[in-house]
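Subject: Structure handover

Hi,

Here is the structure I promised to pass on. Please open it next to this note; my findings follow below.

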Amino acid sequence: MKIGISASAVLSQTERLAELFRQGIDHIEIVLFENVNVAESFIRRARRQGKTVGIHSPLLRGGSKYDLLQSIDMPQENAWEQIEQELVWCSRFGATYLLVHFPYAHRSGVLDLPLVQDGIKRLSALQRRTGVKIVCEPKLGDDRDPAGIRWLRTAPTHIFSNAGLTLCWDVGDHLLANVSETEYFSQFERWRESISIIHLHNVRMEGVKYRWVPPHPTRSAVNGEHDLAPIIRRFPRNVTIVSEYTPQQVATAANIDTSYHYLRALTQRDGNA
């Protein structure tokens, strides 16, 4: 089990990327580089320091995040062209995977099995062509619409694995999409064999808005946050855990250090590391 950090921790700001090279961190997942020169420099440094890097599409600022199933921010075919170009870049520079938001539905009622299957076939073909692993992350839609995640309740569990694809499990999104932790765990167990990446953060509610909060041993009862310990203990041993949080609001240096120690202790104690 690898412990990683997301570039969300520094908002992908070029002048702060050095902060991602933390001691004890095995892996970095990054998105929205300022330009390709910064991206190439960053991944070369990561390789020199023995850290693996995953790219969370879009590689560069201004790219598509949500357009693989329907045109939302840019024409759909442009988004597919972007994914192919990013896979070629990942292959050239040694990124371990490209993560895409898939399936994504901005509102309920737009997802159906044939539509998703067609997208999976295209992703699988691109993975075979480029040799770069593709990780699919189902996401909440507009105003926390759960369609993209609740679709997994009835989808055939072999739909990704048969295509050679794996899933990213965003703990916070799945907690928000499910009405109870019992429902959350039922969904998790259904898909655990397909999961390779876990995005880990707690959720701090602020009215109708929410913040990403690092896991912390004393926060389970604060502001409606969840007790993440039983969730973390059920992670498969072969996953990479990527810690995400909203730095400008809730993540002090002391809390971040405590969070990583806490995560290490939980995974090592239970024999998962």
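Helices and strands here are DSSP runs, numbered from the N terminus, with at least four residues for a helix and at least two for a strand. Keep in mind that this is a predicted model.

**The cavity**

The structure holds 1 cavity of 30 Å³ or more. Its volume is about 60 Å³. Which elements give two or more residues to the lining of this largest cavity? They are helix H2 (76–93) and strand S4 (97–101). H2 supplies the largest share, 3 residues. Among the lining residues are Ser-57, Lys-65, Tyr-66, Asp-67, Gln-82 and His-101. By type, the lining divides into 5 nonpolar, 4 polar and 2 charged residues.

**Two cis peptide bonds**

Ser-57, one of the residues that line the cavity, also starts a cis peptide bond. That bond runs from Ser-57 to Pro-58, with omega near 10°. Pro-58 sits in the loop between strand S3 (52–56) and H2. Another cis bond joins Phe-102 and Pro-103, with omega about -5°. Pro-103 belongs to the loop between S4 and helix H3 (113–130).

**Positive phi outside glycine**

Look at Ser-12 next. Its phi is positive, about 55°, although Ser-12 is not a glycine. You will find Ser-12 in the loop between strand S1 (2–6) and strand S2 (27–30). Is Ser-12 buried or exposed? Ser-12 has a relative accessible area of 5%, so it counts as buried.

Leu-32 is another residue other than glycine with a positive phi, near 60°. Leu-32 lies in the loop between S2 and helix H1 (36–48). At 22% relative accessibility, Leu-32 is partly exposed. The cut-off for buried is under 20%.

**Strand S6**

Strand S6 (residues 166–170) is largely enclosed by the rest of the structure, because 5 of its 5 residues are buried. In a regular strand, side chains alternate between the two faces of the sheet. Both faces of S6 are covered. Thr-166, Cys-168 and Asp-170 are buried on one side, and Leu-167 and Trp-169 are buried on the other.

S6 has parallel partners. Strand S5 (residues 133–137) pairs with S6 over 2 bridges, in the parallel sense. There, Val-135 stands opposite Thr-166. Strand S7 (residues 195–200) runs parallel to S6 and is joined to S6 by 4 bridges. Cys-168 stands opposite Ile-197 in S7.

**Aromatic rings**

The structure holds 10 aromatic pairs. One of them is Phe-188 with Phe-235, a tilted pair. Their ring centres are 6.4 Å apart, with 45° between the planes. This pair links distant parts of the chain, 47 residues apart. Phe-188 is in helix H6 (residues 181–191), and Phe-235 is in the loop between helix H7 (229–233) and strand S10 (240–243). Both Phe-188 and Phe-235 are buried.

These two rings also belong to a cluster. Ring pairs link Trp-169, Tyr-184, Phe-185, Phe-188 and Phe-235. Trp-169 is also one of the buried residues of S6.

**Charges over rings**

Phe-185, a member of that cluster, has a charge over its ring. The charged end of Arg-234 sits there, 4.1 Å from the ring centre. Elsewhere, Arg-45 lies over the face of Phe-21, at 4.3 Å from the ring centre.

Best wishes

Notes: Residues numbered from 1 in each chain as written. Predicted model: local features only at pLDDT ≥ 70, side-chain atom pairs only at ≥ 80, totals over all residues. Heavy atoms only, no water. Phe/Tyr/Trp six-rings, centres within 6.5 Å; stacked < 30°, edge-to-face > 60°. Buried < 20%, exposed > 50% of the residue type's maximum accessible area, 1.4 Å probe, protein only. Lys NZ or Arg CZ within 6 Å of the ring centre and 35° of its normal. 1 Å grid on protein atoms, 1.4 Å probe; cavity = no way out; pocket = protein on both sides within 12 Å on 5 of 7 lines; lining within 4 Å. Points joined across faces, edges and corners; volume = space filled by probe spheres on them. Nonpolar A, V, L, I, M, F, W, Y, C, P; charged D, E, K, R; others polar. Pairing = 2+ DSSP bridges.
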